[in-house]
Amino acid sequence: MTATQLSQAALDIQAIYQSPEAVQNPYPLYERARQHGEVVTVPEWNAVAVFGHEEVSAVLRSPAALSGQFVGQDDTGSPLPSETLKLLEPMMLFHNGPSHARLRGLVNAAFTPRVVAEQELLVRELTRELLAAAGPGRFDLIEGLATPLPVSVISRMLGLSGTDDGKFRRWTHSVAELLGGVNASPELSEQIESDAREMRDYFRDLASELRAAPQPGLLSALAAVSMPDEEGQDAQLSSDELLANAVLLLVAGHETTSNLIGRGVLALSEQAGAWAELCAAPELPASLATNLADELLRFTSPVQLTGRVLGAPTDIGAQTFAAGTHTMLLLAAANRDPRTFAAPDQLDWQRPNAARHLAFASGPHYCLGASLARLEARVVFGELARYPQLCVLEQAHEYRPNITLRGLTRLEVELGERG
Ligand code: HEM
């Protein structure tokens, strides 16, 4: 079907996914598309776009909504090369039902609340080091803080350090681009394929080595976890599952958290009086600091959208959709739904229901790293609030060409002196 034959609703939705201005500011585009309803059917694509908070949340929690239906294909529908596929397939994000529960259960057994809580000191020290290195003058907050902090935290948690650290960063960068939905050029596909091969070679014997001689860190804990399977036998992560889900942890928490830090600083600086108000209360009680993190997540939605395919007929809003329908779930639009959030375009870190946001999705795939992301945001913004003179220097900010993982590539700020 040509563009001229598309309905106005389809054109308005297409603009969200394809127009270059969407990454700069997608919110007017969400509002325009929302004029067609909170649930917009697009028969041309056998799809439905969902904008409302209640409706998006219901789809995410529905057992009929399946994740990962396109994991074997690139953006043109062609099959992915084999090494890349072998790397992606065992990631929990692309599983449903019992196989998802098994993978998630095994990873959760190592990624415990205690392990996360123990990272607070590390996050604070790293943040302080990075801010001290930046000095009081002009610096790029993305390069100097938002990017290195989450990578260092998760690499150290996994126990990947020393010589392998750099190698892992290179490997995971290409996987991040693939998961983030950047159109995979032939060069990028080749790069990902060769990185995936190197990763699997590296990991081939690692799982059994780590089981025989555990090292400090989450990777050894992941190799050691076991759970009874359906037959009551002890089940562990296979070598490929260990690799895929370790890479998922590295990638999933990396760009998302960077985007939250960058866009969060920008949002606080754009709203008159918000930075001064925050700096006037730098020792926020933990509950308010967490509320600030949640409000920044709601307001910035580092993962703007996701999707599911219906595995069975499903009610969304007042309509029933057939099995096979593609659902486009606009998390960022749901986070600004005026039926759920009063004055949704206002950043209000004391908002009583900020935690109802869908920035971490909902249902079985609810972000496994949510507690770590909240901890990082709470600590980083607490530390930044010690710089009352912080100001953003440029009006034109640069965004990544990626609407799914919306984030800045550069944000020039002047920190000023630590108060
Ligand atoms: C601001 C930071 C973060 C945001 C906004 C975020 C958002 C999300 C979202 C929306 C999903 C669901 C995707 C979908 O269902 O399509 C997800 C899943 C996931 N996230 Fe996060 N995430 C963040 C940080 C992290 C961190 C720090 C980690 C781990 C270190 C992490 C690990 C994961 C994993 C493993 C999944 C897959 C869960 C599953 O399939 O069961 N995320 N995240």
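T314 sits in strand β8, which covers residues 314–316. This is a predicted model, so keep that in mind as you click through it. T314 counts as buried because it has 21 C-beta neighbours inside 10 Å, where the cut-off for buried is 20 or more. Who are its partners? Setting aside neighbours within four places in sequence, T314 is in contact with S62, A64, A65 and F321. Take A64: that residue and T314 are 250 residues apart along the chain, yet their C-alpha atoms are separated by 7.1 Å.

Now move to V59, which you'll find in helix α4 (residues 53–61). V59 is buried too, because 26 C-beta neighbours fall inside 10 Å. Leaving out residues within four places in sequence, its contacts are V50, A65, R308, I316, T327 and L329. There's another long jump in sequence here: V59 and L310 are 251 residues apart along the chain, with their C-alpha atoms separated by 9.0 Å.

Those jumps are easier to follow with the domain layout in hand. The protein is divided into domain 1 (1–66 + 304–346) and domain 2 (68–302 + 396–419). Where the two touch, domain 1 puts in 14 residues and domain 2 puts in eleven residues. On the domain 1 side, α1 (8–18), α2 (21–24) and α19 (331–334) each supply at least two residues. Of the elements on that side, α2 gives the most, with three residues. What sort of residues does domain 1 use to touch domain 2? They divide into eleven nonpolar, three polar and no charged.

Next, the largest nonpolar core. It has 114 residues, and the members that touch the most other members are A49, V50, L222, V247, L330 and L331. Helix α15 (residues 239–252) gives the most to this core, with ten residues. Where does the core lie relative to the two domains? Domain 1 and domain 2 both give residues to this core, so it lies between them.

L331 is a good residue to click on. Not counting residues up to four places away in sequence, L331 touches V56, S301, V303, Q304, L305, T306, L358, A359 and A361.

One of those partners, S301, deserves a look of its own. S301 is in the loop between α18 and β7 (306–310), and it is buried, with 25 other C-beta atoms within 10 Å. Its backbone is the curious part: S301 has a positive phi of about 40° although it is not a glycine. Most residues other than glycine have a negative phi. A343 does likewise, with a positive phi of about 40° although it is not a glycine. A343 is in the loop between α19 and α20. Is A343 buried or exposed? It is exposed, because only 10 other C-beta atoms lie within 10 Å, and 12 or fewer counts as exposed.

Then there's a helix pair to look at. Two packed helices are described by the angle between their axes and the distance between the axes. For helix α18 (residues 286–300) and helix α20 (residues 370–384), the axes come within 9 Å and cross at roughly 105°. The two helices are therefore roughly perpendicular to each other. On the α18 side the contact is made by A289, T290, L292, A293 and L296, and on the α20 side by R374, A377, R378, F381 and G382. By class, that contact has six nonpolar, two polar and two charged residues.

Stay on α20 for L372, which is in that helix. L372 is buried, with 24 other C-beta atoms within 10 Å. Apart from neighbours within four places in sequence, it is in contact with V116, Q119 and G253. L372 and A361 are eleven residues apart along the chain, and their C-alpha atoms are separated by 15 Å.

Finish at E283, in the loop between α17 (274–279) and α18. E283 counts as exposed, because it has 9 C-beta neighbours inside 10 Å. How far is E283 from H95? Their C-alpha atoms are separated by 42 Å, with the two positions 188 residues apart along the chain.

How values were computed. Residues numbered from 1 in each chain as written. Predicted model: local features only at pLDDT ≥ 70, side-chain atom pairs only at ≥ 80, totals over all residues. Core = buried A, V, L, I, M, F, W, Y, C linked by C-beta atoms within 7 Å. Helix = DSSP H or I, 4+ residues; strand = E, 2+ residues; numbered from the N terminus. Domains from an automatic or database assignment. Contact = placed C-beta atoms within 7 Å. Axes fitted to C-alpha atoms, helices over the stretch in contact; angles between N-to-C directions. Parallel < 35°, antiparallel > 145°, perpendicular 65-115°, else oblique. Nonpolar A, V, L, I, M, F, W, Y, C, P; charged D, E, K, R; others polar.
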